[in-house]
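Here is a walk through the model in front of you, taken one region at a time. Keep the structure open and follow along as we go.

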Amino acid sequence: MNQPKSNVPWWETAVLIGSFILLWVWFLARQAAYKSPTGQLSILWQIPLIISLVALVIVTVRRVKRVQRALRGEDEDGNPLPTAFPRFGGPPHR
């Protein structure tokens with residue numbers, strides 16, 4: 001059975017998975033740091049978290065734009081998609 005080709009770039013999915021993994025690694029590192037004698041996590045952990053946050057914002061904006069285009073019935077270039085159903089206009093005239 002052929003499945004339709006997804007319009008989602010692979011890197012967007014990789015950003016989501018990578019951010020999820022990074023968040024768990026940070027959480028576990030923070031828990032270990034709190035149990036250590038110093039009790040603090042290095043400030044250098046903020047760098048990958050900020051990069052991950054920026055990447056997640058970019059992916060979210062791209063996906064919201066894609067959903068908005070789909071709701072308007074447009075393709076990626078803004079052209080109307082061919083539909084099997086007629087577009088409904090206003091109320092019927094009497």
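R69 counts as buried, at 19% relative accessibility, where buried means under 20% relative accessible area, exposed means over 50%, and partly exposed is anything in between, using a 1.4 Å probe and protein chains only. You'll find R69 in helix 2; helices here are DSSP runs of H or I with at least four residues, strands are E runs of at least two, and both are numbered from the N terminus. Setting aside its neighbours within four places in sequence, R69 is in contact with E74, D75 and E76, with contact taken as heavy atoms within 4.5 Å.

A quick word on ground rules. This is a predicted model, so local features need pLDDT of at least 70 and side-chain atom pairs count only at pLDDT 80 or more, while totals for chains, interfaces and linings use all residues. Residues are numbered from 1 along each chain as its sequence is written, and side-chain values use heavy atoms, leaving out hydrogens and water.

Now zoom out. The protein chain has two helices and zero strands. Of its 94 residues, 14% count as buried. Look at contacts between residues at least 6 apart in sequence, and 53% of them join residues at least 24 apart. The accessible surface comes to about 8400 Å², with 67% of that belonging to carbon and sulfur atoms; these areas come from the Shrake-Rupley method with a 1.4 Å probe, and for residues only the protein chains shown count as cover.

On to helix 1. The expected span of a helix is 1.5 Å times one less than its number of residues. For the 26 residues of helix 1 that gives 38 Å, and the end C-alpha atoms are 38 Å apart, which agrees. Which residues of helix 1 are buried? They are E12, V15, S19, L22, W26, A29 and A33, and the buried residues of this helix pack against helix 2.

One name on that list, E12, deserves a closer look. E12 has a relative accessible area of 0%, yet it carries a charge partner story of its own. How many salt bridges are there? The count comes to three, where a salt bridge is a side-chain nitrogen of Lys or Arg within 4 Å of a carboxyl oxygen of Asp or Glu. E12 and R62 meet in one of them, at 2.6 Å from N to O. That pair links distant parts of the chain, with E12 in helix 1 and R62 in helix 2 (residues 46-72), 50 residues apart. R62 itself is partly exposed, with a relative accessible area of 35%.

E12 also forms a salt bridge with R63, at 3.1 Å from N to O. Here E12 lies in helix 1 and R63 in helix 2, so the pair ties together parts that are 51 residues apart in sequence. R63 is partly exposed too, at 28% relative accessible area. Then there is R66, whose side chain meets that of E12 at 2.6 Å, N to O. R66 in helix 2 and E12 in helix 1 are 54 residues apart, so to speak two distant parts of the chain linked by one pair. Sharing partners in this way, the salt bridges join E12, R62, R63 and R66 into one network. R66 counts as buried, at 16% relative accessibility.Finally, the aromatics. A search of the whole structure finds one aromatic pair. W24 and F27 form it, edge-to-face, at 5.7 Å centre to centre with 85° between the planes. Rings of Phe, Tyr and Trp (its six-membered ring) pair if their centres lie within 6.5 Å; planes under 30 degrees apart count as stacked, over 60 as edge-to-face and the rest as tilted. W24 and F27 are three residues apart in helix 1 (residues 10-35), so about one helical turn separates them. W24 is partly exposed at 45% relative accessible area, and F27 is partly exposed at 32%.
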